Amino acid sequence: MLLLILITSGCKTTQIESVFLPPKPEREILPAVVTVEDYAETIIYYETLVQKWEAWGDTVEKIIEQEDTE
């Protein structure tokens with residue numbers, strides 16, 4: 001019980017005012033895939049979307065790390 005009191009009394013709550021994050025990438029509705037060209041375009045589209053999400057995640061991590069150091 002004493003240990004619990006020591007642990008909780010040592011805790012400190014920090015307040016973050018506001019963190020502004022960039023908008024999330026959004027998926028578009030693609031037309032139905034009919035031809036081989038449609039498949040290729042769909043694959044390229046989703047690969048690009050994944051890259052956008054990865055870049056968004058990297059940006060968000062940097063923003064959060066910057067807020068932690070302030």
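Trainee: Why is Leu21 called partly exposed?

Mentor: In this predicted model, Leu21 has a relative accessibility of 43%. Buried would need a value under 20% and exposed one over 50%, so Leu21 counts as partly exposed.

Trainee: Where does Leu21 lie, and what makes the nonpolar surface patch there?

Mentor: Leu21 sits in the loop between helix H1 (2-9) and helix H2 (36-69). Together with Val19 and Ile64, Leu21 makes a nonpolar surface patch of about 230 Å². A patch residue needs over 30% relative accessible area, and Leu21 has 43%.

Trainee: Happy with that. How do you know that the span of H2 agrees with what is expected?

Mentor: The expected span is 1.5 Å times one less than the number of residues. H2 has 34 residues, so it should span 50 Å, and its end C-alpha atoms are indeed 50 Å apart. For context, the chain has two helices and zero strands.

Trainee: Which residues of H2 are buried?

Mentor: Thr42, Tyr45, Leu49, Trp56, Val60 and Ile63. Across the 70 residues of the chain, 10% count as buried.

Trainee: Let's take one of them. Why is Thr42 called buried?

Mentor: Its relative accessible area is 18%, and the cut-off for buried is under 20%, so Thr42 is buried. Beyond its neighbours within four places in sequence, Thr42 is in contact with Leu30 and Val33.

Trainee: How many aromatic pairs are there?

Mentor: The count comes to two. One of them joins Tyr45 and Tyr46, with 5.0 Å centre to centre and 75° between the planes.

Trainee: What makes the pair of Tyr45 and Tyr46 edge-to-face?

Mentor: Centres must lie within 6.5 Å to pair, and planes over 60 degrees apart count as edge-to-face. At 5.0 Å and 75°, Tyr45 and Tyr46 meet both conditions. As for cover, Tyr45 has 17% relative accessible area and is therefore buried, while Tyr46, at 32%, counts as partly exposed.

Trainee: And why is the pair of Trp53 and Trp56 called edge-to-face?

Mentor: The reasoning runs along similar lines. Trp53 and Trp56 are 5.4 Å apart centre to centre, with 75° between the planes; the angle is over 60 degrees, so the pair is edge-to-face. Both lie in helix H2, three residues apart, about one turn of the helix.

Trainee: Are Trp53 and Trp56 buried or partly exposed?

Mentor: Trp53 has a relative accessible area of 36%, so it is partly exposed. Trp56, at 18%, falls under the 20% limit and therefore counts as buried.

Definitions and conventions. Residues numbered from 1 in each chain as written. Predicted model: local features only at pLDDT ≥ 70, side-chain atom pairs only at ≥ 80, totals over all residues. Heavy atoms only, no water. Patch = residues over 30% accessible without salt bridge, like charges linked within 9 Å, V, L, I, M, F, W, Y side chains within 5 Å. Areas by Shrake-Rupley, 256 points an atom, 1.4 Å probe, with all protein chains shown as cover. Salt bridge = Lys/Arg side-chain N within 4 Å of Asp/Glu carboxyl O. Helix = DSSP H or I, 4+ residues; strand = E, 2+ residues; numbered from the N terminus. Buried < 20%, exposed > 50% of the residue type's maximum accessible area, 1.4 Å probe, protein only. Contact = heavy atoms within 4.5 Å. Phe/Tyr/Trp six-rings, centres within 6.5 Å; stacked < 30°, edge-to-face > 60°.
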